[in-house]
Amino acid sequence: MTPERAIVGPVFDIAYSVLGSTPEYAQFRSSAMPRTQFAAFLDSIAPALIAAGLPAEDVHFAKRYPISEAAFVDDCLNRLRERGMLPSRDYDRDGYDRLAAQIRTTHDHGPFRTYIYPEEARLLYAFADIVRPRSVAFVGSFYGYWAHAALASIVAHGGRAVLIDPDPRAQEVARRNLDRAGLLDRVNIAITTGEEYLAHPTGSFDFVVLDAEGPRTHPDPEQRGKAIYGRLLRHLLPHMPPSAYLICHNILFEDIASCSYFDRIIARNLEELGPFRDLVAREFREFIECPSTEGVGIGRRAG
């Protein structure tokens, strides 16, 4: 019996391999189908999506897909600009479109799968392109897929970055991709945990991207799942000057899909991220939840 082929790369691509040819998805994308009706359609074709390799729970996450990734990002940037968190809302849209096309065709995913969605990649690029940070830390960088979306702009504007992740296989995939893209000269690859890396003198970071996750069976409650964010942020704060930016994945507290599945997800996030949110409330002047497929939080440190 031939073993089942492992599916790698963006989970969104798995869903799109089924959705992309359906008139219902086209209607949703054209705003002709309400989100509630689109959610019902997803439930009806769940067997086809799962057969294509989509994890069953991600059928529900598909109910959060934006109608337009570009419009979603524009809306987030407008909100951030109105709150005084951004100097502008203009980014190099054509540059991102070229980069995204290049990543789609050339990015090596190794044996890995990513839960970074198209609007989340565009949002990180746009934010970095507007802010133009000088020193960036990607904590829990995995194999560098989300980082790649921003690094092209960061490096082009003279910034430097470090990718921090303890998985040597993932970091080797990141290294290959960044080397191929000509970005490795200004990016350090640190095969270690965020806590271990930050325990040593590292300088300061004006831009931090946080996407770490601990095993939910970990004996230390502070390191279970996304609870690790609170622990990591405590270690990051001494390295984040006033007005430094924090961008986090899996900040999902708002159910934009009116789907009962997210009751459990939100309850778990509130529990795991409670200490992180308390710390953010004390140390950051603003922190905004951008309701992407998996949720992105963006904050700016007080000072």
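Begin by selecting glutamate 213, which is partly exposed because its relative accessibility is 48%. The structure on the screen is a predicted model, and the tour proceeds from this residue through several salt bridges to a pair of helices and two loop residues.

**First stop: the partner of glutamate 213**

Add arginine 216 to the selection. Glutamate 213 and arginine 216 form a salt bridge, with 3.1 Å between the closest N and O atoms. Arginine 216 has a relative accessibility of 36%, so this residue also counts as partly exposed. The pair belongs to a wider set, since a search of the whole structure finds 16 salt bridges.

**Second stop: arginine 83 and glutamate 286**

Next, select arginine 83 together with glutamate 286. The closest N and O atoms of this salt bridge are 2.8 Å apart. Which parts of the chain does the pair tie together? Arginine 83 is found in the loop between helix H6 (69-82) and helix H7 (93-106), while glutamate 286 belongs to strand S8 (residues 284-290); the bridge therefore ties together parts that are 203 residues apart in sequence. With a relative accessible area of 45%, arginine 83 is partly exposed.

**Third stop: arginine 301 and glutamate 283**

Now select arginine 301 and glutamate 283, whose side chains meet in a salt bridge with an N to O distance of 2.8 Å. This pair links distant parts of the chain, 18 residues apart: arginine 301 is in strand S9 (residues 296-301), and glutamate 283 is in helix H14. Is each partner buried or partly exposed? Arginine 301 has a relative accessible area of 14%, and it is buried because this value is under 20%. Glutamate 283, at 24%, is partly exposed.

Before leaving the salt bridges, select Glu195, Asp220, Glu222, Arg231 and Arg234. These residues are joined into one network by salt bridges that share partners.

**Fourth stop: helices H12 and H14**

Display residues 228-236, which form helix H12, and residues 274-283, which form helix H14. The axes of the two helices come within 6 Å and cross at roughly 35°. The crossing is left-handed. To view the contact itself, show the side of H12 that contributes Tyr229, Gly230, Leu233 and Arg234, and then the residues of H14 that meet them, namely Phe276, Leu279 and Val280. How many residues of each class take part in the contact of H12 with H14? Five are nonpolar, one is polar and one is charged.

**Fifth stop: serine 292**

Move to serine 292, in the loop between S8 and S9. Serine 292 is buried, because its relative accessibility is 0%. Apart from residues up to four places away in sequence, serine 292 touches Arg64, Phe72, Glu119 and Glu120; displaying these four residues shows what surrounds it on this count.

**Final stop: aspartate 167**

Finally, select aspartate 167. Its place is the loop between strand S4 (160-164) and helix H10 (168-180). The relative accessibility of aspartate 167 is 24%, so the residue counts as partly exposed. A polar atom of the aspartate 167 side chain lies 2.9 Å from the backbone nitrogen of arginine 169. Which residues are in contact with aspartate 167, leaving aside its neighbours within four places in sequence? They are Phe112 and Ile191. As a last step, select the C-alpha atoms of aspartate 167 and alanine 212: these residues are 45 residues apart in sequence, and their C-alpha atoms are 12 Å apart in space.

Definitions and conventions. Residues are numbered from 1 along each chain as its sequence is written. This is a predicted model: local features need pLDDT of at least 70, side-chain atom pairs count only at pLDDT 80 or more; totals for chains, interfaces and linings use all residues. Side-chain values use heavy atoms; hydrogens and water are left out. Helices (H or I, at least four residues) and strands (E, at least two) are DSSP runs, numbered from the N terminus. Buried means under 20% relative accessible area, exposed over 50%, partly exposed in between (1.4 Å probe, protein chains only). Contact means heavy atoms within 4.5 Å. A polar contact is a pair of N or O atoms within 3.5 Å; within protein, one must be able to donate a hydrogen and the other to accept it, and residues adjacent in sequence count only if both atoms are side-chain atoms. Axes are lines fitted to C-alpha atoms, for helices over the stretch in contact, and angles run from 0 to 180 degrees between N-to-C directions. A crossing is left-handed if the near helix is turned anticlockwise from the far one by less than a right angle, and right-handed if clockwise. Ala, Val, Leu, Ile, Met, Phe, Trp, Tyr, Cys and Pro count as nonpolar, Asp, Glu, Lys and Arg as charged, and the others, Gly among them, as polar. A salt bridge is a side-chain nitrogen of Lys or Arg within 4 Å of a carboxyl oxygen of Asp or Glu.
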